[in-house]
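Trainee: Could you take me through one part of this model up close? I'd like to hear about its pockets.

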Amino acid sequence: MGPMEHVLVLADGAVAGPSALDAAWPGWSDGIDWVVAADGGARHAPAFGRRIDLWVGDGDSLGEDGVAALERSGVPVRRSAVDKDETDTELALLAAAGAGASRITIVGALGGERFDHGLANLWLLAHREVDGLDVRVVDAAVRVRLAGPGRTDLGGRPGDLVSLLPFGGDAAGVRTTGLRYALDGEPLASGPSRGMSNVRVAGDASLELDAGRLLVLETPARLLR
C-alpha cells in the first residue's frame with residue numbers, strides 16, 4: 001500500500017449527512033482515497049457511500065456482531081484492548097498518519113453525550129504524530145484545525161465566521177489578510193476572547209503567526225441568518 005493523499009476518519013459521534021457537509025464546506029471530501037473507521041464510526045460509512053478500508057477500536061460501541069460483520073465483508077480489523085491509553089478516534093488518526101496521509105479529515109468527532117470526547121478529539125489536532133499534516137475536524141456547523149508558526153491558508157467563502165483561539169499558551173505576531181478585523185503582528189493571549197467571531201471578507205484570506213498555536217474555527221455564514 002502506497003502513501004495516501006486524503007484519509008477520512010469516521011469517529012463515533014453525531015455526523016451530519018454528506019449533503020449538509022457539502023453545503024457547509026464545498027470540496028471538503030475532494031480526493032479521499034482511504035477510509036478509517038473508529039469503532040462505532042463504521043455505522044456512518046453507508047451514508048457517505050464509502051467502503052471502510054480499515055477498522056480500529058475495542059469494539060465496545062460497534063459490538064461483537066458488528067465487528068464480525070465487517071470481518072466477513074473483508075474489512076481489515078485492527079482490534080485493541082478495552083483498557084488502553086488511546087481513544088478509538090486517536091487510534092484511527094494514528095492509522096491514517098501511519099498510512100502516509102498528507103491530509104486527514106475527521107467527521108463524527110463532535111456532538112453526542114460525551115463532551116469530554118469532543119474536547120479530546122479537538123486536542124488530537126496537536127498530536128505530535130500529525131505535526132505538519134493538514135488535519136481538520138469537520139461538522140456541518142464548524143470546521144476546526146490547528147495553526148502553528150508560519151502561514152496558514154484561510155481561503156474559503158466570504159461571510160463565514162473565523163475565530164482564532166490560542167491553544168496551549170499565548171500566540172505572538174499574529175497577522176491576517178482577508179478578514180474584517182485585521183491583526184497586524186499583534187498577540188492573542190490565552191484566556192481573553194478577542195479572537196472570536198472575525199469574518200472572512202475575501203476568498204483568499206490567510207493567517208500568519210510568529211510563535212504559539214491557534215485553533216482556527218470556521219462557522220458557515222448560513223448559520224448566522
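Mentor: Sure, here's a walk through the two largest pockets, one after the other. Keep in mind that this is a predicted model. Rolling a probe the size of a water molecule over the atoms shows where empty space is left. In the largest pocket, that space comes to about 450 Å³. Its lining is made up of 23 residues, and the ones nearest the centre are Asp12, Ser61, Thr89, Arg114 and His117. If you want to find the pocket by its elements, look for helix H4 (88-98) and helix H5 (115-123), which are the ones that give two or more residues to the lining. H5 has the largest share, with three residues. As for chemistry, the lining of this largest pocket has ten polar residues and nine charged ones, alongside four nonpolar residues.

Now move over to the second largest pocket, which holds about 340 Å³ of space. Here 16 residues do the lining, and Gly132, Leu133, Leu146, Ala147 and Gly148 sit closest to the centre. Strands come into play at this pocket: strand E6 (134-138) and strand E7 (143-147) each supply at least two residues of its lining. Sort the lining of the second largest pocket by class and you get seven nonpolar residues, five charged and four polar.

So when you turn the model on screen, pick out H4 and H5 for the largest pocket, then E6 and E7 for the second largest.

Key: Residues numbered from 1 in each chain as written. Predicted model: local features only at pLDDT ≥ 70, side-chain atom pairs only at ≥ 80, totals over all residues. Heavy atoms only, no water. 1 Å grid on protein atoms, 1.4 Å probe; cavity = no way out; pocket = protein on both sides within 12 Å on 5 of 7 lines; lining within 4 Å. Points joined across faces, edges and corners; volume = space filled by probe spheres on them. Helix = DSSP H or I, 4+ residues; strand = E, 2+ residues; numbered from the N terminus. Nonpolar A, V, L, I, M, F, W, Y, C, P; charged D, E, K, R; others polar.
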